[in-house]
Every structure is written in C-alpha cells, then in structure tokens.
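Good morning, everyone, and thank you for making time for this. Before I begin, please bring up the sequence and the structure so that we can go through them together.

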Amino acid sequence: MTKGVSIWLDVLRVVATIVVVLSHLAYPRFTGTEYAFLRDWNVGSDAVIVFFVMSGCVIAFAADRDGSAGRFAFNRVTRLLTVIVPALMLTLVFDALGTRIDASAYPNGFYQALPVGEFLLRGVTFTNEWGAFERVRLGTNGPLWSLSYEAAYYALFGVALFAKGVARVLGLVALAWLAGLNVLLLMPAWLLGVALWQWLKAERAGGYTRAMGWALSLGGPALYLAGQLGGMPETLAALTAAQLGVADARMVLAFSDEFIWNFVIGLCTVMHVAGVAILNPQKLWGTRAIRWMAGATFSIYVTHYPALHLLDALLPEMLGRDALLLGGSVAVGLLFARYFERPVKTFRAWILPVMQRFERRVLQAS
C-alpha cells in the first residue's frame, strides 16, 4: 500500500461518492429531466461497485495489519457503528421534519416508514437487505442497502480468515444463509478487491513497464465506457431476467439485478488501480484536500439522501435550487463527518478500555 496507491484510492472514493450524490440528485422528483442521462446510465449503482472493490482491497490490507480476529472485529464494528448510529438518528429526525413540511416529497418506493425500534434494530445490525429477513428501506436512506452487503462481506471474510476447521465451515454456512443469495451475488466484485490487495502485497507492480501501467490505468475506464456505449448493462440484465422468467430481474434480485455487469465493473476497477500501482505516482496536486475530502465520504454517503429529501421539502422552486440541493446535501455530510467520522480513533480509545474491563469481569466470573 504505497503512498501513491493510497492517495489514488482516496481520489476514487471522492469521485465515486460525488457520482452517487449526483445520480440521486438526477431523479426527476428533485430536478426534473435535466440530468436524466445519469439515471439512464445508472452510474450511482456502478459507483457502489467501485466502492466494493476498494473496500475488499482496504479490508484485506487492514486484516493483515490487525493480525487477530478480535482486533479485526473491533476495528470493523467501531468503524461502522460510530457513523451508522448517528446517521440513523439523523435520518429519523430529517424524515420526521420533512414529512410534516411536505409529505409529497416522500413518495412510496423512496420512503418507508418503520416503527423506531425496528428501524434502529435493522439499521445497527445491517440486516435490512439480508435474505433471511424481510427487506426493508430505512426511511429515505436507501443507500444503506450497500452497507448491509458490506457488513456481510466483512463478517464472511473475517470468519474465512481467522476461524479454523469446523467453526470456519459452520460460520461461513450460517452467514451465507443469513445474508442470502442477493448479497452473495455481488461478493465476487468485493473479492476482486481482496485479490488486488494480494497482488499489491506481493509487490508485483514493480515488474511491469510504465507502458503497461498506462494501458491498464486507462484501459479499465475505457472498457467500462465501451460497455456502457455498447448497451452491455441492458443486454446482460435482459438475459438475467429471461433466465429468471421475469420481466425485470430487480423483482427477484433487488440491488443485485446487474450482478454480471457489476463483476465487469469490478474487473475494470482492478485494472485501473493495478495500472496506477505500476505507475506509482509520488506526487498528486491537492493531496491534502483529497485526504480531507476522502475523510468525509462515508458520512456524505450515509446522510446525503435524507438531506436531499428534507431540502426538497423545504426549498421552493427558485433559481439555483439544484445547486442548493447538491451543496446542502454535501454540506450536511461534511458537518456530520466533523463529529462522527473523523474522530473514529478517539471513539476507539474511549470504547476499548470499557470492552477490556468487561472482558476481564466475564473471565473472572467464569
């Protein structure tokens, strides 16, 4: 994980986050049909797959650094919950305010009201998309579907890496059953990120020429663009639906309806990052700004959609409304990151001694 690769992963995180926000802003109920091409290309979902690949790479890197099941679990759980718990509370507050201001800004399909207890339980356990339970949308916060997937991947990867023998087999089977087919269908893209880390770890990048680096770094995005222009997502989705005997694969597979195309995106992403690793850039303009913005991408991702809905309910039709929707939703995420995402090391320093004292008491009692 060279400095150049690390910074470039941050660049990708920032770009993918902004693409997701723009793809949601492009819904006709927010901005009419002016940005419909973003919805036609479904770039928001494609950006999530880029997140999955980066996640697989970074989590595999972190697992090597953590070195033990306890440390791995502690770091993953604290990273998720220190952000997701306040994000769920923000969603509840924003949705409650927005539905009272203008209920028409919360149409069926984009907002699901749940009892607070169920909302919080499904949110903090990341089971809102798991196959063993009924799928639910957490208020307006539809983007949280991907965290339900990622939490399953973290758990499966941790069991596969740290458990042994029968415990490993039983743990993987149980988790796979709980997560369900839809979640598992996108795991190959996440595992491509794990494979990418193994390649980086083996220091293979140094054995290639710069020409190969440029070919891969540019070839990945070029192949993605060619697939989009050639209608590959639509073709693969139609074939999937035909095999399932339905008109639309999303009826059965939900957010995994384009799993074949998503794997292609994963391959394109791996090609691109591998090419960057070969080139190994030492200096990038605006590195400090990139790092700072990347430190808020998780927060922007989990807060922008409730913020968009609230702003849509609040703002009248006016000049500059689209810019206010975009800037306001991103600003909410940046402010949120200041208090919940960036201080994760401080939160861990508070939580770890409490957990250690509890563990000692349990051991003494037993």
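Let me start with a question for you: is Gly206 buried or exposed? Please keep in mind, as you look for it, that this is a predicted model. Gly206 is to be found in the loop between helix H10, residues 187–201, and helix H11, residues 210–229, and with a relative accessible area of 73% it is exposed, since the cut-off for that word is over 50%. Gly206 also has a partner in space, because although 71 residues separate Gly206 from Ala277 in sequence, their C-alpha atoms are 8.5 Å apart.

Now please turn to the start of the chain, where helix H1, residues 3–25, meets helix H15, residues 287–294, with axes that come within 9 Å and cross at roughly 55°. The two helices are therefore oblique to each other, and the crossing in which H1 passes H15 is left-handed. On the side of H1 the contact is made by Lys3, Ser6, Ile7, Asp10, Val11, Arg13, Val14 and Ile18, and on the side of H15 by Thr287, Ile290, Arg291, Met293 and Ala294. Sorted by character, the residues of this contact are seven nonpolar, four charged and two polar.

Two of those residues, Arg13 and Ala294, lead us to Glu341, which touches both of them and also, among others, Arg79, Val83 and Phe336. Glu341 lies in the loop between helix H17, residues 321–340, and helix H18, residues 344–365, and with a relative accessible area of 3% Glu341 is buried.

Next comes helix H4, residues 43–66, whose 24 residues should span 34 Å at 1.5 Å a residue, and whose end C-alpha atoms are indeed 34 Å apart, so the two values agree. H4 is mostly covered, with 19 of its 24 residues buried, and after H4 comes Gly67, which has a positive phi near 80°.

Positive phi values bring me to my last pair, neither of which is a glycine. Ala254, with phi near 55°, sits in the loop between helix H13, residues 250–253, and helix H14, residues 259–279, and Ala254 is buried at a relative accessible area of 4%. Asn280, whose phi is about 45°, has its place in the loop between H14 and H15, and at 26% relative accessibility Asn280 counts as partly exposed.

Thank you for listening, and I am happy to take questions.

Definitions and conventions:
Residues numbered from 1 in each chain as written. Predicted model: local features only at pLDDT ≥ 70, side-chain atom pairs only at ≥ 80, totals over all residues. Heavy atoms only, no water. Axes fitted to C-alpha atoms, helices over the stretch in contact; angles between N-to-C directions. Helix = DSSP H or I, 4+ residues; strand = E, 2+ residues; numbered from the N terminus. Parallel < 35°, antiparallel > 145°, perpendicular 65-115°, else oblique. Left-handed = near helix turned anticlockwise from the far one by under 90°. Contact = heavy atoms within 4.5 Å. Nonpolar A, V, L, I, M, F, W, Y, C, P; charged D, E, K, R; others polar. Buried < 20%, exposed > 50% of the residue type's maximum accessible area, 1.4 Å probe, protein only. Expected span 1.5 Å × (residues − 1). Lists of a residue's contacts leave out its neighbours within four places in sequence.
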